Amino acid sequence: MANGGWRIARNRGGAQLPIVLLAALAIALILIGKAQSNLFDSARAGVTDWAAPALQAVRAPLAGLDRWTASIGSIFNVYEENLRLKDENARLRQWHNVAIVLDDRVKRYQLLLHAVPDPALSSVAARVIGRANRPFLQTMILDAGKAQGVKPGQGVIDARGMIGRIFLTGDHTAWVILLTDLNSRVPVTIEPGNIQAIMAGDNSGAPSLDLLSQNVRLKAGDQVVSSGDGGLLPPGLAIGTVVADPNGGFRVVLLADAASSEDVNVVDFKLKAEQPPAVSPNDLPATAAGLPPAAPQAPVVAPLVPALPGTAPGTGPLPSALPPATQAAGAAKPQTPGVTDATPDAGDQ
Amino acid sequence: MERVGSIMGGRLLSSILPVMLGILGSLVANFPVSFVGGWVSPPMLAFMPLYFWGIVRPDLMTPFWAFVLGVLEDFLSGGPPGVWAASFLAAYFVIDRQRDMLAGLSGIGAIVGFAVAALVACVSAYAIVSVYNWTLLPLAPVMGELAVTVIVYVFAVMVFGAVHRRLVGPLRSDF
């Protein structure tokens, strides 16, 4: 356990210059990495894909050991923990009943208001095959990748709440950046009050909250959910609870425990553009006026014909088969004397 | 002729062994499986051979290999590139300047010497990442990694000593 017994090789010489050059190279690498953050990404994804079978093979026997070592601390307070869980379970059962009643009420209100329902979420179930808990990076590796439809940016949740986001995908593996990671930024909503904020990880166990408005007041116990801003994450994903930071500000105690999650879901959320409702024949002005709707016609290019005698330019009947918006556009379109609209109207037939 | 080839092969093996141990350490430390439930960060296994042979055989563990091991650490850890490369070089600079003093340490002193070099690497990485993200990071994780690294080095140095005696050996020109 000593270095004293070793003779030092002295004939190396001139090490200072290479150190300076290599240090410059390392700094250049840092700057390039800052400008192009995905410098290593494709290679990393390839290596992870290649190592995935080994990860799965090694992970299986170690999972039990992992859980056992992680639970050593809880052995000494099993009794108190059991009492606390029973109490919590009783309260959660009450909340469960309340949630069922409120969910039913919300559905009835949505039905009465003809509200647009929340988009359905699909998800990809994945198993955690690796975790990297480094001082400057907190990630996990999943056994689902591009082949399963996983894409960067998608949210990762477990049974309790959100864990993180996908930031790198291989063919059969994906890297998750945890909510606690330094590089994690998630737009969130704090309830009650619909307060918007950005939840930022800083490698501590509880991410901090950057409020978007200075005129709001938070209090410990408020609920934090994803806001859905940006369209990558669905709104309303449970994230955590607000607590006061002793150093000022507020932090979020996460509901999910990424260290113990084994099976997760990658939420596939595609925010579809909201489409106006389709026009039915009953919505047409002619029908509303009690007239029979015109038969739909295939659009044809009409030859240039002179305007009907006695019809002032621009005052002819609008094609009734077009949606109101098109009608308005047609009405606004200036008509050249002697030239009719390219689309023949019903009155010409 | 066969013996000459064997000797040359053995010499080649012994000359690349320190670097190979560094690469192996980087692979093991960054293998994404936690043995302790994610309580603490894994030790900087790649830094241990870098320190040990950076003192006793700097002709085998050159600044270039310090840079390579750092880049490998960056690549495997998933962090921004160049951080550990620069940090290992900063620690190597200290080792290079204080080689005589560090090589003369023994017992607890040798561990303290390693701890100082590892501290230089950790503080460098902490400073670089803090500037990189323009925020002051919590110190606890990096200090945890430093503590685990120093504890593991107490046992690793015995292995390195045995490997050095049996396989690597001192530089021939030193005799």
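**Chain folds and helix packing in a predicted two-chain model**

In chain B, 68% of the contacts with a separation of 6 or more are accounted for by residues 24 or more positions apart. This value, like those that follow, was computed from a predicted model. Chain B contains 7 helices and 0 strands, and its pattern, read along the sequence, is α-α-α-α-α-α-α. Of the 175 residues in chain B, 49% are buried. Chain A, by contrast, has 6 helices and 12 strands, and 26% of its 349 residues count as buried. In chain A, residues 24 or more positions apart make up 57% of the contacts with a separation of 6 or more.

Within chain B, helix α4 covers residues 83-97, and the span expected for its 15 residues at 1.5 Å a residue is 21 Å, which agrees with the 22 Å that separates its end C-alpha atoms. The helix α4(B) is mostly covered, with 12 of its 15 residues buried. The buried set includes V83(B), W84(B) and A85(B) towards the beginning of the list, and also Y92(B), I95(B) and D96(B).

The packing of α4(B) against helix α6 (residues 108-133) of chain B can be described through their axes, which come within 8 Å and cross at roughly 145°. This crossing of α4(B) and α6(B) is right-handed. On the side of α4(B), the contact is made by V83(B), W84(B), A86(B), S87(B), F88(B), A90(B), A91(B), V94(B) and I95(B), while α6(B) contributes A117(B), V120(B), A121(B), S124(B), A125(B), I128(B) and V129(B). Sorted by class, the residues in this contact of α4(B) with α6(B) comprise 14 nonpolar and 2 polar residues, and no charged residues.

One of the contributing residues, V94(B), is found in helix α4 of chain B and illustrates the contact at the level of a single side chain position. V94(B) has 18 other C-beta atoms within 10 Å and is therefore partly exposed, since 20 or more would be needed for a residue to count as buried. When neighbours within four places in sequence are left aside, V94(B) is in contact with A117(B) and V120(B). The C-alpha atoms of V94(B) and A121(B), which are 27 residues apart along the chain, are separated by 9.7 Å.

A second helix pair in chain B is formed by α2 (residues 47-56) and α7 (residues 140-168), which pack at an angle of about 50° with their axes 10 Å apart. The two helices α2(B) and α7(B) are therefore oblique to each other, and their crossing is right-handed. In this contact, F47(B), M48(B), P49(B), F52(B) and V56(B) of α2(B) meet T149(B), Y153(B), A156(B), V157(B), F160(B) and H164(B) of α7(B). By class, the contact of α2(B) with α7(B) holds 9 nonpolar and 2 polar residues, with no charged residues.

The loop between α6 and α7 of chain B contains W134(B). The phi angle of W134(B) is near 55°, a positive value in a residue other than glycine. With 6 other C-beta atoms within 10 Å, W134(B) is exposed, because 12 or fewer such atoms place a residue in that class.

In chain A, helix α4 covers residues 78-113, and its 36 residues should span 52 Å at 1.5 Å a residue, which agrees with the 50 Å between its end C-alpha atoms. The number of buried residues among the 36 of α4(A) is 0, so this helix lies largely in the open. Following α4(A) is H114(A), whose phi is positive and near 55°.

Two further local features concern the strands of chain A. A cis peptide bond, with omega about 0°, joins E191(A) and P192(A), and P192(A) is placed in the loop between β6 (185-191) and β7 (195-200) of chain A. Strand β7 of chain A contains Q196(A), which is partly exposed, with 15 other C-beta atoms within 10 Å. Not counting residues up to four places away in sequence, Q196(A) touches T189(A), L212(A) and S227(A). The C-alpha atoms of Q196(A) and V216(A), 20 residues apart along the chain, are separated by 9.6 Å.

Note on methods
Residues are numbered from 1 along each chain as its sequence is written. Chains are lettered from A and ligands numbered from 1 in the order in which they are written. This is a predicted model: local features need pLDDT of at least 70, side-chain atom pairs count only at pLDDT 80 or more; totals for chains, interfaces and linings use all residues. Axes are lines fitted to C-alpha atoms, for helices over the stretch in contact, and angles run from 0 to 180 degrees between N-to-C directions. Helices (H or I, at least four residues) and strands (E, at least two) are DSSP runs, numbered from the N terminus. Angles under 35 degrees count as roughly parallel, over 145 as roughly antiparallel, 65 to 115 as roughly perpendicular and the rest as oblique. A crossing is left-handed if the near helix is turned anticlockwise from the far one by less than a right angle, and right-handed if clockwise. Two residues are in contact if their C-beta atoms, placed from the backbone, lie within 7 Å. Ala, Val, Leu, Ile, Met, Phe, Trp, Tyr, Cys and Pro count as nonpolar, Asp, Glu, Lys and Arg as charged, and the others, Gly among them, as polar. The expected span of a helix is 1.5 Å times one less than its number of residues.
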